[in-house]
Every structure is written in structure tokens, then in C-alpha cells.
Amino acid sequence: MKLQLPFRHSRKSLPTAQRGIISLADWHKRRIRWSVQSLHAVTLIGLLIVGLGPILWLAKAAVTPTQDTLRQPMALWPNGFNLDLLVQTFTKVHIERFFMNTVWIAIGSWLCQITVATSAGYALSVLRPRGSRILYGMILGTMFVPSVVLLVPLYLTVLDLPLVNIKLVDTFWAVWLPAGASAFNVVIIKRFFDNLPREIFEAAQVDGAGPFRLFWSIVLPMSRPIVGVVSVFAVIATWKDYLWPKLVLPSLAVQPLSVRLPDLERGIQLDLFLASLAVATLFPIALFLMFQRMFLSGGALSGAIKG
Amino acid sequence: MSSRAEPVTAASGVHKRRGLLTWVSRDGLSTFAFLLPLLLIFGTFSWFPIVRSFVMSVQHTNLVSPPTWVGLDNFATVLSDPLFGKSVANTIYFALLALIIGYPIPLALAVIMSETRRFKGLYSALAYLPVVVPPVVAVLLWKVFYKGGPNGAFNSILGNVGLGPIQWLGDAAMAMPAVVVEATWAAFGGTVIIYLAALLSVPPELYDAAEVDGASILQKIRYVTLPHMRGILFITLILQLIATAQIFTEPFLLTEGGPANATTTVLLLIYQYGFGSSLGGHFGEAAALSLMLAAFLGVFTAVYFWLTRSWSTES
């Protein structure tokens, strides 16, 4: 087949490696290019309004006195700046306490999820004891049970842990431990372990590594990419969760942000409330900007096989 | 650890044949140690509650008095509750509206965005931004936007062109669409990213071939792009339907199921049975309704995959 060379004069020519729906020939028709470009412009403006607009509005409202926000919600520039509102989210709302609760919940849930998923994945993929197929089937089976089924019985379970009769409600354990029971995590970690080269395990075994050593010094370091992915999912899920922490963490001392914010609405002025919402959004947006890059660098695995 | 002795057994020729498997399976104790977190956590917080929900659905349980067996009474109570039919209808209405409003938007956006030459990253970052906002914050923010008076954010925009004010959340007819629009805003970015990845997998030769046959841009989308994405489109469709069937946070925080129960979804009703102040402690009914919803979703998913099995595999 003859290769179509890109037109030399055109700055706007397509990268030849990856073409899309619109061909080079289409692109050189003025009418098509004009309409495609205006469609893109409209899309970009639309995305700016829809995606960024509400967040910018929130940022503006966070420093605008209640009266201004109430009277002219869509005014582009606030009449009075009130940076004190951001300070008050700490001094009056004590947003940092609930933020720290969220962080603790995220760390604990993450630790629990990683511990369960990696140890289970290692046992089911590498150690493979008798009956591990049945066990894996039982884990897969829970993926088909919608979480709503668990809501009430799980609540009663953390209210009075069976056999040991411990009440987990109002402790972080009530969120940490159930978070570990994620079939999705176990499945993707096990499948990742399945694909690790067995030669390395055998080499380690010849060098005298036992199962714990093999797990800690070989399998875990090689699994950094997938553990990273599971970690990001775990943190995001914690940050988003609302119903479960609301049920099991009723007292103020342990409430995460997501549970506290809706209750704030009734108790405080609108301007302070919106400032609190804005502060609560800052951290996830910062995380988003950071982890965008982390996803791009997943090639840590190839080095391990050579070494 | 007992594993200190391992090198000797590992090196001996007896185990060479079966290799790794025999080597580690000898050490039953450490294997058990690795299985322990799984068994404890899944046993307590997954397998046991699943079994328990079946038991509870045929019991009368309310933490105060000891549970009694009531057979299928809980199911009968739920089915005869006037709110049951209402909540099912509301949930279906929500799912349909979310389908009409929320399903085509990410697809159209992804197709347009995949053709951009410049600022590609900017487009997807903008689309993804609402997903990053914590759902509770998004709902509470939109609640402010939806404020009913003439000075509400949306109403003041409408006021500029001489419309409104609309009681977004206070009007029984408007409330559900308002909830759907918020939920769509919060979720569309994630789907866009999935579709963008799927669009990359369309082989460019197919477009070349279509052009040889004289296909226009729209025809290429219709006959090349969309058929090629059929598999992922079917998956996102069923995932969206399953998710909308379990919608809770948005109606709970935006409208609390009101006005006049116009936004009481099935999950909200389950919550009211189990934890709501007016009905609270009806755990048996809550479990029964949960199981009915799960059974429906199971059957629905199975039928869906059975119906679409031929479409999604051939391409």
C-alpha cells in the first residue's frame, strides 16, 4: 500500500502515527476544518463553564460575604473580599479536625485493603494451598452481591462483632475493617501476581528465601505499580464514601469531612459554609493534579526482571 | 520463623520436580498466616453479612427484643407499603432520566475530544474536574445553585432572560430532573476518560478503508467508531443502570426524598426502614427490600448479557 505523505506546507497536519476519524483529506477541506474547529471551540467553552465554572464559583463564594452571595449569586466579582472566612473555617468550624479524621480513615482503610489484598493474592497465586480455588470462587462471588445487600447486616455486625462481642461503632475500625473486604482488590492483585515470572521466585528459593522473605523482598517490590493503582482507588473511595461513615461514625470526634459537611449547612452562615466546602475540595484537587503524573510512570516492573 | 530451614529442603532433589508448589505448601503454617487476613476480614465483613441478610429477611429484628421468625412477613409488609411502589417508580424514572441525559453526553464529548489537535490534556482535565470534587461537596454546592428564590444562582441566570424563578427542588415535577442533572455533572468525566481510551483502540486502517468507500465523517462515526465501541458501550450502560438503581447520596442530601416523596428511591426507603427516625429499626424489612433489589439487579444483569451476547462479541 502506498503511504500518503503529510503535506509539507501544513503546520496543522495530522501526526501520521495515530489518526482519528477525520482524515488528512477531510482536514484540508476548508468547510470541514472550520466546522470541526468551531465544534472544538464550543466544546472547550462548554467544558470550561460546566467543569470549571462551579468550582470557580465556589472559590469566589468562599471569600464573599453571605449578603453578596445571596443578593447577586452570579456577580462576577465580589463586592467585598472576606479572606477571614477561610481562617474561620479553622477557628470556628474546625475543619482541620474532620479533615484529619478523613485522613486517618483513608490511611487505615488503605492499610487494611493492601494487607488483605496482597497477602490473599500471594496465598492464592503463589502459595496455592489446597482449596484455594474454592476460596477464590467465594471471593469472586461477593463481587456479584450489590453493596446495598450488605448495608443492614454489616451495620448490625459492627454494632456487635460476632463471637467476640465488640462494638466498633464510633471507632475508625468500623470503616477500616469492612473496607478490607474488597473482592475487586484481591482479584486484580492476584491476577497481577499470576503474571509475575516464576523464575525469580525459584531463584529466590535457591538463594534460601522462605515464604515471608519471598513475599516481602521479592513479590511486594515487584508489585509497586499495581499496589499504587489499588492505593489510589482506596484513597479516592474513602474520600467519596458518605452513607457508611454516616451510619457508623455518629459522634463528632470521629466524623470525616463528608459526614460533617451536610450537618454544617444548618448550623452556620452561608458564606462560612461555602468556604468550608471550598477548603474541603482543595485537597482532592491537589491530589488529582499530583497523581495524574503517577499514572504515567508505571514502568517500574521491567527493571526487576533483569536485575 | 520456621522458614529458616527452607533452603535445605528446597535444594534437595526430591522437591525439584514439583518445584515451587511443593516447597511452599510444606510450610502450611506460613500459608495459613497469609490467608488469615483474608479469612478474618471476608468472613466477618462479607460472607457472614451476606448470609445474615437472608436470615434477617425472615426475622423480626430491632435490637431491642430478641429476633423472632416471621417467615415471609417482611416481604409482605414491604410489598404492601404504598411507598414501595412509589420508590420503585422513582428509581426507574431516575434511571431513565439519567440514561437520556447522562448516557449520550460522555460519548459525544469523547468522540469530539479525541479529534482535538491542541489542548488535549486541558479538555480531559476539565471534563474530569467534577469527578474530583467530593460527591458530598458537589451535592451541597448544587443545592445552593438550586435555591428556589429569584436570587438563586440558576434562577438569577434565568431571570436575566426573563424566565423563572423555578422551584428546582421544591417542585415535585422538577425535583427528580434536578437530581439527575447534578448526578450527571458529578459522573460524566469518568465515563469520558473510559471512552477516550476505547477510541484509541479503533484501528486507523478501518477509517482508511471507510474513506476508500467514500464515507463522510458522520458515516465513519456511525459505521466504524460506534460499532467498534459496542462492547464498552454495553458495559458502561449496564454499570450505569446498576449504579442508578442504588442511588442514595444525591436524593438524600438534595431533597431528603421530598417533596411529597417525589425523589424517594429504593435505597432511600431501605435507609428509612433501617435507620430513618420515623420508621427506624425495621431491619427485617430493610433486609427484605435489599434482597429484592439485589435479586432484581441479578436477573436484570443476566437477561441483559443474554440479550446482548451476540451484539457485543461480533464486531
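## A friendly tour of a predicted two-chain model

Visitor: Where is the place of Gly80(A)?
Guide: Welcome! This is a predicted model. In chain A, one helix, H3, covers 66–71 and another, H4, covers 84–91. The place of Gly80(A) is in the loop between H3 and H4 of chain A.

Visitor: Is Gly80(A) buried or exposed?
Guide: Let's count its surroundings: Gly80(A) has 9 other C-beta atoms within 10 Å. A residue counts as exposed with 12 or fewer. Therefore Gly80(A) is exposed.

Visitor: Which residues does Gly80(A) touch, not counting those up to four places away in sequence?
Guide: A residue can sit beside others from another part of the chain. For instance, Gly80(A) and Thr64(A) are 16 residues apart in sequence, but 6.3 Å apart in space from C-alpha to C-alpha. Leaving out residues up to four places away, those touched by Gly80(A) are Pro65(A) and Asp68(A).

Visitor: How many helices does chain A have?
Guide: Try looking for strands in chain A and you will find zero. Its helices number 16.

Visitor: What distance separates the end C-alpha atoms of helix H5 of chain A?
Guide: Helix H5 of chain A runs over residues 95–127, which is 33 residues. At 1.5 Å a residue, H5 should span 48 Å. The distance in the model agrees with that: the end C-alpha atoms are apart by 46 Å.

Visitor: Which residue just after H5(A) takes a positive phi?
Guide: Step just past the end of H5(A) and check the backbone angle phi, which is about 45° there. The residue with this positive value is Arg128(A).

Visitor: Where is the place of Leu163(A), and is Leu163(A) buried or exposed?
Guide: Leu163(A) is a residue other than glycine with a positive phi, near 75°. Its place is in the loop between H7 and helix H8 (173–180) of chain A. With 7 other C-beta atoms within 10 Å, Leu163(A) is exposed.

Visitor: What is the phi of Asn261(B), and where is its place?
Guide: Asn261(B) is partly exposed, with 17 other C-beta atoms within 10 Å. Asn261(B) is not a glycine, yet its phi is positive, at about 60°. The place of Asn261(B) is in the loop between helix H14 (249–254) and helix H15 (266–274) of chain B.

Visitor: What separates the centres of domain 1 and domain 2 of chain A?
Guide: Chain A is divided into domain 1, covering 26–90, and domain 2, covering 95–269 + 283–306. Taking the centres over C-alpha atoms, the separation is 36 Å.

Visitor: Which element gives the most to the side of chain B that touches chain A?
Guide: In the contact between the chains, 83 residues of chain B meet 79 residues of chain A. The side of chain B divides into 56 nonpolar, 19 polar and eight charged residues. The element that gives the most to this side, with 18 residues, is H3(B).

Visitor: At what angle do the axes of helix H7 of chain A and helix H3 of chain B cross?
Guide: Helix H7 of chain A (residues 147–159) and helix H3 of chain B (residues 28–57) have axes that come within 8 Å. H7(A) is roughly perpendicular to H3(B). Residues that meet here include Val149(A) and Leu150(A) in H7(A), and Phe45(B) and Phe48(B) in H3(B). The axes cross at roughly 105°.

Methods: Residues numbered from 1 in each chain as written. Chains lettered and ligands numbered in written order. Predicted model: local features only at pLDDT ≥ 70, side-chain atom pairs only at ≥ 80, totals over all residues. Helix = DSSP H or I, 4+ residues; strand = E, 2+ residues; numbered from the N terminus. Expected span 1.5 Å × (residues − 1). Axes fitted to C-alpha atoms, helices over the stretch in contact; angles between N-to-C directions. Parallel < 35°, antiparallel > 145°, perpendicular 65-115°, else oblique. Contact = placed C-beta atoms within 7 Å. Domains from an automatic or database assignment. Buried ≥ 20, exposed ≤ 12 C-beta atoms within 10 Å, placed from the backbone. Nonpolar A, V, L, I, M, F, W, Y, C, P; charged D, E, K, R; others polar.
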